[in-house]
Amino acid sequence: ITAEYGKQWYQRRVRDNGGDGQTGDAGDGTGGTDRHNFLQMLRSDLNYPVPYENSTFWDMVESINYPNASPLDLAIEYATSGYYCGYKSYGRCAEGSHASDSNKAALNQQLNNAPASYF
């Protein structure tokens, strides 16, 4: 499911849970799971995100709970459904959970290893 909010892009990855008609019974990933991310789009007729370096949305976003989080930290968290806790440590998450940490496993393209709930 993809929806537009102004210049933002929200994607929800709905998973097939085996064809029994229950909630989450659509999509292309692990049965019965559901993931989402939030990115900026350049135009409404394009269905791919703007690279962070070209985005303007994140310049207008700040964290109320974690004011030390940079726009890049927030963009990474939302793009990865919370799998990475920003680019580097800003006081919210333990070491080893940031995109700059080399020991953290790569994010699965279908967000299978991302948290089920983030926003």
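What follows is a walk through the fold, the core, the charged pairs and a couple of odd spots in this structure.

Keep in mind from the start that this is a predicted model. Let's begin with the overall layout. The protein has 1 helix and 3 strands, and going along the sequence they come in the order β-β-β-α. The protein has 119 residues, and 34% of them count as buried. As for how the chain folds back on itself, take the contacts with a separation of 6 or more: residues 24 or more positions apart account for 38% of those. On the outside, the protein exposes about 7,200 Å², with carbon and sulfur atoms supplying 48% of that area.

Now for the inside. The largest nonpolar core is made of 8 residues, namely F38, F57, W58, A69, L74, A75, C85 and Y90. W58 is a handy place to put your cursor: leaving out residues up to four places away in sequence, W58 touches F38, Y52, P71, L74, A75 and Y78. Apart from the largest core lies another one, with 5 residues, including Y83, Y84, L111 and A114.

Next, the helix. Helix 1 runs over residues 71–79, and its buried residues are D73, L74, A75, I76, E77 and A79. Two of these names, L74 and A75, also belong to the largest nonpolar core. D73 and E77 are on the buried list too, and E77 brings us to the charged pairs.

Side chains of opposite charge can pair when their charged atoms come close. The structure holds 2 salt bridges. In one of them, the side chains of R92 and E77 meet at 2.9 Å, N to O. E77 sits in helix 1 and R92 in the segment after helix 1, so this pair ties together parts that are 15 residues apart in sequence. What about burial at the two ends? E77 counts as buried, at 2% relative accessibility, while R92 counts as partly exposed at 32%. The other salt bridge joins D45 and R43, whose closest N and O atoms are 2.9 Å apart. D45 is exposed, with a relative accessible area of 56%, and R43 is partly exposed at 44%.

Just past the end of helix 1 there is a backbone detail worth a look. Most residues other than glycine have a negative phi. S81 is not a glycine, yet its phi is positive, at about 55 degrees. S81 is placed in the segment after helix 1, and at 0% relative accessibility S81 counts as buried.

The last stop is D101, which also lies in the segment after helix 1. Which side chain of opposite charge is nearest to D101, and how far away is it? The nearest is K104, at 7.7 Å. A salt bridge here needs a side-chain nitrogen within 4 Å of a carboxyl oxygen, and D101, though buried, has no salt bridge. What D101 does have is a backbone partner: a polar atom of its side chain lies 2.9 Å from the backbone nitrogen of G96. Setting aside neighbours within four places in sequence, D101 is in contact with E95 and G96. So you can set two buried acidic residues side by side: E77 has R92 as its salt-bridge partner, whereas D101 has no salt bridge and places a side-chain polar atom 2.9 Å from the backbone nitrogen of G96.

Conventions: Residues are numbered from 1 along each chain as its sequence is written. This is a predicted model: local features need pLDDT of at least 70, side-chain atom pairs count only at pLDDT 80 or more; totals for chains, interfaces and linings use all residues. Side-chain values use heavy atoms; hydrogens and water are left out. A nonpolar core is a set of buried Ala, Val, Leu, Ile, Met, Phe, Trp, Tyr and Cys residues joined through side-chain atoms within 4.5 Å. Buried means under 20% relative accessible area, exposed over 50%, partly exposed in between (1.4 Å probe, protein chains only). Contact means heavy atoms within 4.5 Å. Helices (H or I, at least four residues) and strands (E, at least two) are DSSP runs, numbered from the N terminus. Accessible areas come from the Shrake-Rupley method with a 1.4 Å probe; for residues, only the protein chains shown count as cover. Lys and Arg count as positive and Asp and Glu as negative; His and the chain ends are not counted. A polar contact is a pair of N or O atoms within 3.5 Å; within protein, one must be able to donate a hydrogen and the other to accept it, and residues adjacent in sequence count only if both atoms are side-chain atoms.
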